[in-house]
Structure formats: structure tokens, C-alpha cells
Amino acid sequence: MSDPAEPDWYQLPHDPKTFFGLPEEYDRKDLKRRYNKLIRVYKPEKHPDEFQQIRAAFEQLDNALRYGDQFPLPGAAINVEQIWAEIFEAQQTDPAVTAEPQTESPAAAILQQLQESRPQEVFRELKTRKNKTAYDYYALALLSDAVVNDDPLCFLRWLLSGLKALPEEPVLFHLLQAYFHANVDIKLVPKLLQATAKIVTNDRFYFLTEPLWDQLLKEAPFEHFAKLLAACEARIKDHRITGKLTFYLHIAKPAIWKADAAWLDRVYRVLEEHHDQIPSSLEGDVELLFHLRDYFQQRDQFLEGNSVRQSMDDSLYAFCTESEVESDRQFLESQQLIAADADEAYRAFQIGSQEHESVFLLWSWLTQDVGDRLGLEFEVDNEDRLRSKVHQWMRELDKRTMRSPVGWMWAAVISPLMVSFGCLIPVVAGLLVVIGLFFREYLTGTTIAAIAALAAAVLSVVLTVVAKSSWHSKIVIKTAELIYRRVWKRELLDFLQMTHVPIEIIGTIVMQLVAIDDQHAQHDNSEYTVISWLPHYLQQDFSLLVYSTALRFVV
């Protein structure tokens, strides 16, 4: 008996929906979850054939969802290899002993003809037949490969002829799409696109030809790509633009790495002007694409950093331009490099690096995408034990901090009283000395008392002002930031390396412990001195997130 978890491979390629076990109504998130679940078992490096089948089925359904299912998938896809095998078998069979076909289907009728006649004769008969069916055009396309030797596009031309005669025929549409998804010679791609643009002049052109544009963008100079796309788009006469918007969202992601600024500006402008017509299921793609634009505006500055930044950029490039397998490989390689050198991770980003916010969002997106495929989920075995460990680490770190030079600095600046006395006492003392030197013959006990009272009043006012002043708050914040950079950041990286607990979980526990300590502080029962500032900077330090993520993927 087969494993109950084994997928039904016989459902492919004609019924990918049943293969994935999807409900009648499903969305891209549902599809992605089922896809990720399967490829965790059928990994590309161990099961390349099965992975390719799963990936092809996923792309078939995802493309239909992205483009709004303009042509519903046919109930049963035509298997080209199977048809060719049947044709070959029919030609090898003796007509005198061949049984009559059991069905009057178009396929059976043509197979019967091939048993009785040569392919060239059947091709000529079909070519002159009036009121051809979709299968007639498909048979002509197949036979043309055998009887027409001087036209590499003969298969395509017959399918396009069929689609011109029967524009609402989904089987022909999906046959063309399957043909375009095959490994097409790059030299033929421009001709294929031009020939298709002459026949398919509506918004469906984008859905049909997307894989060819992907190939052309990757292998040809961008100038050739842009010129051909403009020429093909000039033939499209359709008020609908959903297909165009969907295509732009897809193609701009790899194109942004090689396109000129003018072309990109036009694409982004179209997307912005027609944002209300973009399907809601593509909002994530919109967000990703605009984060990419923000990143490219600061990419040169970003790459001035160390090797961690370069490695992240390499992963983002692969994510946008390469296959899923290659993208994952590059991402995991980057994680290994980052995890192997905590010092580089330490220097990669300063706290509060808001100028690089777009790359942080893109990195989080990529991390989530790869993590979902690999099924990486961190589960805390014992939450109480982890909380106790974090609490003990924070107490010890707080004590070590206060014993360090920066801790002494903190003790000096945290109290407005100490700051004020430090600044004002020398001033007041000096003022009293000057008064004593110049007016000593006029000073009496009463005068001295009055001067002292006035100095005390001035000092009291100054203390109040200092306690409420913004500059003192700035000094406190700057001192806490200095402590974080000189002491806490390194300690956090070491703690992450020791525990391998994601920084998001540690950060949550730290904030909870600080909140509890703040409540205790109201009753003069606080355990922490300076460490209560840790959450403020922990949330702003992207180095921790990058390093923690790397540890998560390499363990």
C-alpha cells in the first residue's frame, strides 16, 4: 500500500488543483502553503524530477490567479508526448488487422487516418478542411513538425491560426502557453513574440507571453527587450489593462536591475496611476516592487558598507532575477557567511539606520519567503526557563554596565541634581570668592547670609529647569546609546550565538521584563538600573536581526 501522504502524481499536468488538494475557492496564500508543504518533502537537490513537476503545477495555478484566470484551465490538458506516441504507433500498425476505433472523437478519427495514410496526406487534408476544430489546428501543428522542415515556427503558426479563428478557445490558448513555457531557443523568441502580437491583440497577450519576456530580459540586452515590448504593445487594442498591470508588476522586479531610469519611471507611473485596478491579491507584489525602488535610490550608499551588505545585495539580486532554487541557494550561502563572522555583523549597521529602511523590509520579506519554503519555525521548549535565563542575563549585564566607565558616566548624567551641582557649585563658589575679595569691608554676617540665601534660591530654580530641560534628556539618550554601542550590542550578539533563540523572541521577553520592573520601581523595588533602556535600542538595531536570522538558517 502506498504512503497516504504520497501526492497523486497522475493528476499532473491536467489537474493541478486536485493535486495540491485545494478547495473550490482558494487564493495565492492557500496555494503557496500547499506548495511549500510538498517541496519540503520533494527537495530539488534530492528529487529534481518531482520538484519540477510540483513547480510547474504551482506556476500554472499561480499565473492563473495573478492574471485573474482569464482562460479557465481546461478539464484535461493535451499531452503532446502521448499524442505523438499514438501517431507513431498508428503508422506502425497494419491497417488490415487494426480494430475499429471505439470512439468518434477527433483524436481517434485522425489516428485512424494516420493508420491508413501517410502523415503528409493527412496534413494536406486537414489543411484544406473547412470549419476546422481546435483539435484540427492542434493536429496540424503537430504534423507540421514532421512534414514542414524549413520553418521552425510552423508549430506556433498553426496554433496562432487556430486562436485567430477560435479566439475564445481555451485549449489552444493553454497549448500556446505551454509551448512558451518550454525551453525556446532565444534566437526564436523575438519572432515568436512578434507573431503572437499580430494575432493576440488584447490584454491576454501579457498572460500568454510572460515566460518569453522573462527569457528575453535575462538573455538579451535590455535595449532590445524594451524596443520589442514597445512594438508589441503598440498592436494591443483593448480597454482592459489588468493583464498589463499584472505583467508590469512581474517583469519590473528583474528589470529594475538592468533597466534605464526612463523605462522604470514609465512602468512605475502606470502602476501608480492605475493602482485601483490592480487585483487585491497582488498588493504584496506592489509593496515589494516599491520597496525595491526605494532601495535602488540608496543602493550605492548601502554597498559602501562591509561584506555583510554586499552579501545581502547578492541575495536580493538572485531573489529578483533567478529561479527559486538558485535564489534559495544564494540566500543560504549568505546566511553562512554572516553567521560565521559576528564581528562583520556587528559593524554592518548602526542603530537607528533609518536611511536603509527599505532594505530591511526587503530582507524581512526574503527571509519569510525562504523560511516558509524550508519550514523553519522556532518553538521554545520551556518558556519559563528561557525567561529566567534572559532575566538572569539582564541582571548580570546591568551590574557589569554600572561597574564600567560608561556606567559611571550614566550615574553622573542620570540625575539632574548631580549635573546641576557639578556645574553650579564651582560657579557659586567662585562668585562668593569674588564678592569676598572686592567687598570684604562691607560684608557683615547678615549680608553673607542674604547672599547665601540668594544663591540657594538661584540653585533651586536652576535645578528645576535642568530637571525639565530637553537638553538633559538628550544627554541621557546619548549616554544610553553610547552604553548600547560599547557594551550591550556585543553582549547581545554573544547571547544570540549562545542560545540561538531568534532576536524577536528575546526582544519580546526583554520588553516584558522591563515593563514588570517599571511596575516594581513605583514601589522602590526595581532590579534594574540602566538596562531598562535596552528595548529602546534593541528594536532599532538591524545587525541583530540579520545575525539572528543567519544563525536560524545555518543551525
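Helices here are DSSP runs of H or I of at least four residues, numbered from the N terminus. In this predicted model, the average pLDDT of the protein is 83, and 80% of the residues score at least 70. Two stretches fall under a pLDDT of 50: residues 74-78, for which the model has eleven contacts beyond four places in sequence, and residues 90-103, for which there are twelve such contacts.

Within helix 25 (residues 470-499), R485 and E481 lie four residues apart, about one turn of the helix. These two residues form a salt bridge in which the closest N and O atoms are 3.9 Å apart. R485 is partly exposed, with a relative accessible area of 32%, and E481 is also partly exposed, at 21%. Elsewhere, salt bridges that share partners join K32, R55, E59, E324, D328, D369 and R373 into one network. A search of the whole structure finds 27 salt bridges. Side chains of opposite charge can pair when their charged atoms come close.

Two further pairs illustrate other settings for such an interaction. R347 and E344 form a salt bridge whose closest N and O atoms are 2.6 Å apart; being three residues apart in helix 19 (residues 342-348), these partners are separated by about one helical turn. E344 is buried, with a relative accessible area of 14%. In the salt bridge between R129 and D136, the closest N and O atoms are 3.1 Å apart. R129 is partly exposed, with a relative accessible area of 26%, whereas D136 counts as buried at 3% relative accessibility, the cut-off for burial being under 20%.

Helix 13 (residues 242-255) was examined in terms of its length and surroundings. At 1.5 Å a residue, its 14 residues should span 20 Å, and the end C-alpha atoms are 20 Å apart, which agrees with that expectation. Ten of the 14 residues of helix 13 are buried, so this helix is largely enclosed by the rest of the structure. The buried positions are G243, L245, T246, F247, Y248, L249, I251, A252, P254 and A255. These buried residues pack against helix 3 (48-66), helix 11 (204-219), helix 12 (222-233), helix 14 (261-273), helix 15 (283-297) and helix 17 (307-321).

Two packed helices are described by the angle between their axes and the distance between the axes. For helix 13 and helix 14, the axes come within 10 Å and cross at roughly 145°, and the crossing is left-handed. On the helix 13 side, L245, Y248, L249, I251, A252 and A255 take part in the contact, meeting W263, R266, V267, V270 and L271 of helix 14.

Some backbone features of the model also deserve mention. Most residues other than glycine have a negative phi, and most peptide bonds are trans. The peptide bond from L12 to P13, however, is cis, with omega near 5°, and P13 is placed in the segment before helix 1 (16-20). N131, although not a glycine, has a positive phi of about 55°; N131 lies in the loop between helix 6 (119-128) and helix 7 (134-147) and counts as exposed, at 75% relative accessibility. H500, likewise not a glycine, has a positive phi of about 60°. The place of H500 is in the loop between helix 25 and helix 26 (503-521), where H500 counts as partly exposed at 33% relative accessibility.

Conventions. Residues numbered from 1 in each chain as written. Heavy atoms only, no water. Helix = DSSP H or I, 4+ residues; strand = E, 2+ residues; numbered from the N terminus. Expected span 1.5 Å × (residues − 1). Buried < 20%, exposed > 50% of the residue type's maximum accessible area, 1.4 Å probe, protein only. Contact = heavy atoms within 4.5 Å. pLDDT = per-residue confidence, 0-100. Salt bridge = Lys/Arg side-chain N within 4 Å of Asp/Glu carboxyl O. Axes fitted to C-alpha atoms, helices over the stretch in contact; angles between N-to-C directions. Left-handed = near helix turned anticlockwise from the far one by under 90°.
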